[in-house]
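Trainee: Could you take me through the pockets of this protein, one part at a time? I would like a close look at what lines them.

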Amino acid sequence: EHISEEIYAEKTVFVSMEHSVKMCILRLKNLSDQNRKVSATYYAELVLGVNKASTAEHIVTWSNEENNMVLAKNAYNEDFGNGIAYMKPVFEEGEY
């Protein structure tokens, strides 16, 4: 939990027991009386292999605008070549 500039932020991170997925839930609440515009940035340092030094140059990223997703894979790696990493932001407005 964090409050800055009259914006309350709460982040929850968890992983699925059945699937290879990490979920990050970010909740923001405007504590001021003024309308606000905010942006959120997520940084992921992908390895998609044994170590970053040997895989970084082989990671390819692309976007799927229809599904609002960013995807990445390392087709060069025999063990991880079929795996795809993705991020899909989902936005919901409401009270909490």
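Mentor: Happy to help; what follows covers the pockets and then a patch on the surface. Please keep in mind that this is a predicted model. Let us begin with the largest pocket, which holds about 2,100 Å³ of space. Its lining is made up of 37 residues, and those closest to the pocket's centre are Cys 24, Leu 26, Lys 88, Pro 89 and Val 90. By class, the lining of the largest pocket has 23 nonpolar, six polar and eight charged residues. Strands β3 (22-30), β5 (69-73) and β6 each contribute at least two residues to this lining, and β3 has the largest share, with nine.

Strand β3 turns up again in the second largest pocket, where it gives the most to the lining, with three residues. The volume of this second largest pocket is about 150 Å³. Around it you will find Ile 7, Leu 28, Lys 29, Asn 30, Asn 35, Arg 36, Lys 37 and Val 38. Three of these lining residues are nonpolar, two are polar and three are charged.

Strand β6 also takes us out to the surface: together with β4 (60-64), β6 (84-87) gives two or more residues to a nonpolar patch. The members of that patch are Val 60, Trp 62, Ile 84 and Tyr 86, and together they have about 400 Å² of accessible area. Val 60, which lies in strand β4, counts as partly exposed because its relative accessibility is 47%, a value that falls between the 20% limit for buried and the 50% limit for exposed.

Notes. Residues numbered from 1 in each chain as written. Predicted model: local features only at pLDDT ≥ 70, side-chain atom pairs only at ≥ 80, totals over all residues. Heavy atoms only, no water. Patch = residues over 30% accessible without salt bridge, like charges linked within 9 Å, V, L, I, M, F, W, Y side chains within 5 Å. Areas by Shrake-Rupley, 256 points an atom, 1.4 Å probe, with all protein chains shown as cover. Salt bridge = Lys/Arg side-chain N within 4 Å of Asp/Glu carboxyl O. Helix = DSSP H or I, 4+ residues; strand = E, 2+ residues; numbered from the N terminus. Buried < 20%, exposed > 50% of the residue type's maximum accessible area, 1.4 Å probe, protein only. 1 Å grid on protein atoms, 1.4 Å probe; cavity = no way out; pocket = protein on both sides within 12 Å on 5 of 7 lines; lining within 4 Å. Points joined across faces, edges and corners; volume = space filled by probe spheres on them. Nonpolar A, V, L, I, M, F, W, Y, C, P; charged D, E, K, R; others polar.
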